[in-house]
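Me: I've just opened this one and I'm still finding my way around. Could you take me slowly through a single part of it?

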Amino acid sequence: MGNGSNEGFSYFAEIAASYDRVQSVLSPPYERGLEMIVELIPFDTDEPFEFVDLGCGTAEPTARALQRFGRATGSCIDSEPEMLRIAKRKLTPYAGRYDVREADITEYAIPPCDVVFSAKTFHHVHPDRLPSLIARVAGALRPGGCFILYDTMSVGPGWSAAVRQQASRFRERHVQRAIDSGRVTRVEIDARREYKRMMKAAGKDVEYEHRAEDLIGAMTGAGFEEVAVVWRSFADTILLAFVTAGDS
């Protein structure tokens, strides 16, 4: 989502209609990760603030934030038109409180805001482009503002083959329970995985395995005052970063 790779047939355009339903099956921590984004927003529910959702996809994080924080307003940025069409339908109850933009997040001029969050997007950003993107996030945030980054990433030296194997077992058990309950079908899961393999082979769904340590280093280099790993479930990780609050 949101990496600006629109050459040829788009993987995310193809899966947009079923993305929300199937993603939480293929990625067991996904639902909790979205909940954590909202929980980590450092405002009371009745406070006004502005946020930006980078690589918003179907705008599920934005919808949850607007529902929780009744005076918040947000901007949703993504490069996939079909995802954004679904996002606009989903956000209809919050008319007047959001703005949807079709753009490459690595080039978009992020508007001034109090919070930036991103869910499952940065692994599509080339490592060479991460420092400038993170610097633009830091530059857009008002004093004391925060960046909540949720994505898959490796953390520390213990991310071994045994851990990856156990993560795979954990995921497959979750998928099977969802199939057994009728939430999804095996045909849907197999088709989604096969399509993703095809897109990867064609170079149209590029993913990078970023290290949390590298992202933290880029955030520190961009001027974030505090950066920490605040939540993790296997590779699913949330980094929380704050810019300086300035003079009180």
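Here is the part I'd like to look at, with a longer answer after it. Please zoom in on helix H2: how many of its residues are buried, and which residues in H2 and H7 meet? After that, just follow the chain of neighbours wherever it leads.

Reply: Happy to. Keep in mind that this is a predicted model, so everything below describes a prediction.

A quick look at the whole thing will help you place the helix. The chain has 9 helices and 7 strands. Its radius of gyration is 18 Å, close to the 18 Å that the globule rule gives for 248 residues, so the chain is as compact as a globular protein of that length. Along the principal axes, the C-alpha atoms fill a box of roughly 55 × 45 × 35 Å. Of the 248 residues, 48% count as buried. If you take the contacts with a separation of 6 or more, 75% of them come from residues 24 or more positions apart.

Now to your helix. H2 runs over residues 19–26, and it is mostly covered, with 6 of its 8 residues buried. Those buried residues are Tyr-19, Val-22, Gln-23, Ser-24, Val-25 and Leu-26.

One of the partners of H2 is H7, which spans residues 161–181. The two helices pack at an angle of about 130 degrees, and their axes are 8 Å apart. That angle makes H2 oblique to H7. At the contact, H2 brings Ser-24, Val-25 and Leu-26, while H7 brings Arg-171, His-174, Val-175 and Ala-178. Sorted by class, this contact has 4 nonpolar, 2 polar and 1 charged residues. Ser-24, Val-25 and Leu-26 also appear in the list of buried residues of H2.

From H7 we can step on to H8, which covers residues 186–201. H7 and H8 pack at about 140 degrees, with 9 Å between their axes. That makes H7 oblique to H8. On the H7 side the residues are Arg-171, Glu-172, Val-175, Gln-176 and Ile-179, and they meet Arg-186, Ile-189 and Arg-193 of H8. The classes here are 3 nonpolar, 1 polar and 4 charged. Notice Arg-171 and Val-175: they take part in the contact with H8, and they are also in the contact with H2.

Going back the other way, H2 is also a neighbour of H3, residues 30–40. The buried residues of H3 are Tyr-30, Gly-33, Leu-34, Met-36, Ile-37, Val-38 and Leu-40. They pack against H2 and H4, and also against the strands E4, E5, E6 and E7.

Three of those strands lead us to another helix. H9, residues 212–221, has Ala-212, Leu-215, Ala-218 and Met-219 as its buried residues. They cover an arc of only 125 degrees around the axis, which puts them on the same side of H9. Their cover includes E5, E6 and E7, along with helix H6. For another residue of this helix, try Asp-214. Asp-214 is partly exposed, at a relative accessible area of 46%. After H9 comes Gly-223, with a positive phi near 105 degrees.

The loops are worth a stop too. Val-206 sits in the loop between H8 and H9. Val-206 is partly exposed, with a relative accessible area of 33%. Leaving aside residues up to four places away in sequence, Val-206 touches His-123 and His-124.

Two other loops hold residues with a positive phi. Phe-234 lies in the loop between E6 and E7; its phi is near 55 degrees, positive even though it is a residue other than glycine. Phe-234 is partly exposed, at 27%. Ala-59 is in the loop between E1 and H4, with a positive phi of about 65 degrees although it is not a glycine. Ala-59 has 0% relative accessibility, so it counts as buried.

So, back to where you started: H2 has 6 of its 8 residues buried, meets H7 through Ser-24, Val-25 and Leu-26, and is among the elements that the buried residues of H3 pack against.

Definitions and conventions. Residues are numbered from 1 along each chain as its sequence is written. This is a predicted model: local features need pLDDT of at least 70, side-chain atom pairs count only at pLDDT 80 or more; totals for chains, interfaces and linings use all residues. Side-chain values use heavy atoms; hydrogens and water are left out. Axes are lines fitted to C-alpha atoms, for helices over the stretch in contact, and angles run from 0 to 180 degrees between N-to-C directions. Helices (H or I, at least four residues) and strands (E, at least two) are DSSP runs, numbered from the N terminus. Angles under 35 degrees count as roughly parallel, over 145 as roughly antiparallel, 65 to 115 as roughly perpendicular and the rest as oblique. Contact means heavy atoms within 4.5 Å. Ala, Val, Leu, Ile, Met, Phe, Trp, Tyr, Cys and Pro count as nonpolar, Asp, Glu, Lys and Arg as charged, and the others, Gly among them, as polar. Buried means under 20% relative accessible area, exposed over 50%, partly exposed in between (1.4 Å probe, protein chains only). The arc is that of the directions from the helix axis to the C-beta atoms. The radius of gyration is taken over C-alpha atoms; the globule rule is 2.2 Å times the number of residues to the power 0.38.
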